[in-house]
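Hi,

Here is the structure I said I would pass on. Have a look, and my notes follow underneath.

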Amino acid sequence: MEPRTSFKVLVVHCDTGRSEVKANWSVDELVGGSGLAAGLFAAYARPDAPWDHPDQPLIFAIGPLTGYFPLMSKVVCAFVSPYHGQYAESHAGGRLALALRFAGYEALVLLGRAKGRSALAVGPHRVELKDAHYLWGMDALATGKAMRRVFPGAEGHRSILRIGPAAENGLAYGCINVDTFRHFGRLGAGTVMAAKNLKAIVVQGEESQEIPEGKAYPDLFRKIYRDLTATPMMSKYHDLGTPQNVIPLNELKSLPWRNMTATSDPGASGISGERFAEKLLLRNTACSGCPVGCIHVGMLRKQFADEHQFAYYKVAYDHELVFSVGSMLGVTEASDVLDIIDEIEKQGMDAISAGVALAWATEALQRGVVGQAETIELLSFGQAEVYRRAMAHLGGAANDFYRALGQGTLAATKIYGGGDFACVLGQEMAGYATGEAFFTSMGLGLRHSHLDSGGYAYDQGNEVKDIAKAVGYLVKDERLRCLLTSMVACLFSRSVYKEEVLADCLNVLGYAGLARDLAGAGERVQKSRWKLRFDWGYDPGKVSLPKRFGEIVTWRGPMDADYQQGLRAAYARAIADLGKGGGQGG
Ligand code: SF4
């Protein structure tokens, strides 16, 4: 097997249906995944045009290890975010990574806007745009089923991406659903897809892939497989999945409840990982190439109005969703959580943003900041059925209020007020009220994601307030994650894929140059992403940390305003330095 020196990139012009394959992107320079996506974005995106300009690219990238080793199963999506108008990255699993590998491409770049509402199919020998106007307005789950008939083929390596009404209605957090149970969730990739007039994208991985000759590759694969399946990570993520965090976080006073007016509540037992497993878990499933299977699918049973018939729905859940539509909305019954998630899935919204936005709307209604004329529903913490209907109003952009809320909670506060209690850290917060390091890391982080770096873990393990130590940890942890998201590994595997193991993997596939320079590669990718963020106008000084984040009490006591302020300033300086040091591109 000959390793590639450059990535093979399929560029599709959605306006004409034309496509070309480009191979001028150096593996040693761009690494793959996050690095490749950033390089392609630097080459194709236009800082002088808005997010929905047809010229702006929608990019999907995998890495050099995709398909060759377990848990190398994610894809990086890069785009100009409708949420903040700047460079954004979102990650998803499902079958997409392997479908791209078996289609023969390391990246797919979509340019232009299709003339009519369309569905796109790409494969090793095929790029096809089909009329899909009749699918516009259809929910994201039904669209997936329809696409299986529109583009039939072997299911194993076929991946189906689609959007729902939320993206079509211009929500800043419309998501891309990937193979039903995974998502490019955050920062509005789905809405960018809608702006390209694409309801769905099907990737057909129909080719075979060479593997290295000799014993070294299978031996290394076996060792990594053994290590991954023998670690506590395997049982942790397989057995209860990420909702196993609910009880420990609640006990640590770090689980946001009812728009983060509390950080602990006895109701946690009703939405714990244990409760889901006991009452609702139907099965586990996995991204292609993953032996862990952390995706937990619950069975939702709903009764029809005539009281004698039932409908059954399969709904995936994880910690972030249990937080955003469970504790954050005061919903303490596991089946109610699934019911609300099901509506979000149909609308095709980022579930974290949608839940946290409605939590703010509920408090705004309680305080008289808005009235029921705006919210339509009498929003009230714990009222699951009301929230299910409100999710449909949000995805459907039912009135001016929901249209504003669909642009982000802070966008709504600019019109209606209530900014002090908006739980927004760059975007709607993830489910960790652990303290100052997490608020800094997510609030100012590159993706405004809880996965940018382990700020939540730092808060839980460090009682001493040492600003330099905390910032050093955040920057270093982000660099290591950049390496993993360039390969592109699932971050759940980070305890196994240490730098030396990644080097072994690259060496056995023939990428000796990259293997020798892994530390440099991680730093290069980290800097290039920050350079893009700053080049596009990012100003960490303008990120607000609303008052609510200073009002909570965790296991370490009340928030420390001086520590928070110091951390924020020091981290802002650190990322600005990284941004100045970047410089890769096409
Ligand atoms: S651990 Fe979960 S998210 Fe990660 S690759 Fe496996 S199934 Fe996908």
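Start with Leu378: beyond its neighbours within four places in sequence, Leu378 is in contact with Gln372 and Val386. Bear in mind that this is a predicted model. Leu378 sits in the loop between α14 (372-375) and α15 (384-395). Is Leu378 buried or exposed? It comes out as exposed, because just 11 other C-beta atoms lie within 10 Å of Leu378, and the cut-off for exposed is 12 or fewer. I also checked Leu378 against Ala354: the two are 24 residues apart in sequence, and their C-alpha atoms are 17 Å apart in space.

Now for the core. In soluble globular proteins, nonpolar side chains tend to be buried together. Here the largest nonpolar core has 196 residues, and the ones that touch the most other members are Ile59, Val75, Leu100 and Ala107. Helix α13 (residues 351-367) is the top contributor to this core, giving 10 residues. If you want one core residue to click on, try Leu100. Not counting residues up to four places away in sequence, Leu100 touches Phe60, Ile62, Val75, Tyr105, Leu108, Val203 and Gly205.

On to the domains. The domain assignment splits the protein into domain 1 (6-204), domain 2 (233-400) and domain 3 (428-581). For domain 1 and domain 2, the C-alpha centres are 27 Å apart. Their contact draws 29 residues from domain 1 and 22 residues from domain 2. On the side of domain 1 that touches domain 2, the elements giving two or more residues are α3 (96-103), α4 (140-150) and α5 (165-168). The largest share there is from α5, with three residues. By class, that side of domain 1 has 15 nonpolar, 10 polar and four charged residues.

Last, the ligand, which is probably where you will want to look. Where does the ligand lie with respect to domain 1 and domain 2? It lies between them, since domain 1 (6-204) and domain 2 (233-400) both give residues to the shell around it. That shell has 13 residues, and the closest to the ligand are Gly93, Cys287, Cys290, Cys294 and Cys490. How many charged residues does the shell around the ligand have? There are none: the shell divides into 10 nonpolar and three polar residues.

That's what I have for now. Shout if anything is unclear.

Cheers

Technical notes:
Residues are numbered from 1 along each chain as its sequence is written. This is a predicted model: local features need pLDDT of at least 70, side-chain atom pairs count only at pLDDT 80 or more; totals for chains, interfaces and linings use all residues. A residue is near a molecule or strand if its C-beta atom, placed from the backbone, lies within 6 Å of it. Ala, Val, Leu, Ile, Met, Phe, Trp, Tyr, Cys and Pro count as nonpolar, Asp, Glu, Lys and Arg as charged, and the others, Gly among them, as polar. Domain bounds come from an automatic or database domain assignment. Two residues are in contact if their C-beta atoms, placed from the backbone, lie within 7 Å. Helices (H or I, at least four residues) and strands (E, at least two) are DSSP runs, numbered from the N terminus. A nonpolar core is a set of buried Ala, Val, Leu, Ile, Met, Phe, Trp, Tyr and Cys residues joined through C-beta atoms within 7 Å. A residue is buried if 20 or more other C-beta atoms lie within 10 Å of its own, exposed if 12 or fewer, and partly exposed in between; C-beta atoms are placed from the backbone.
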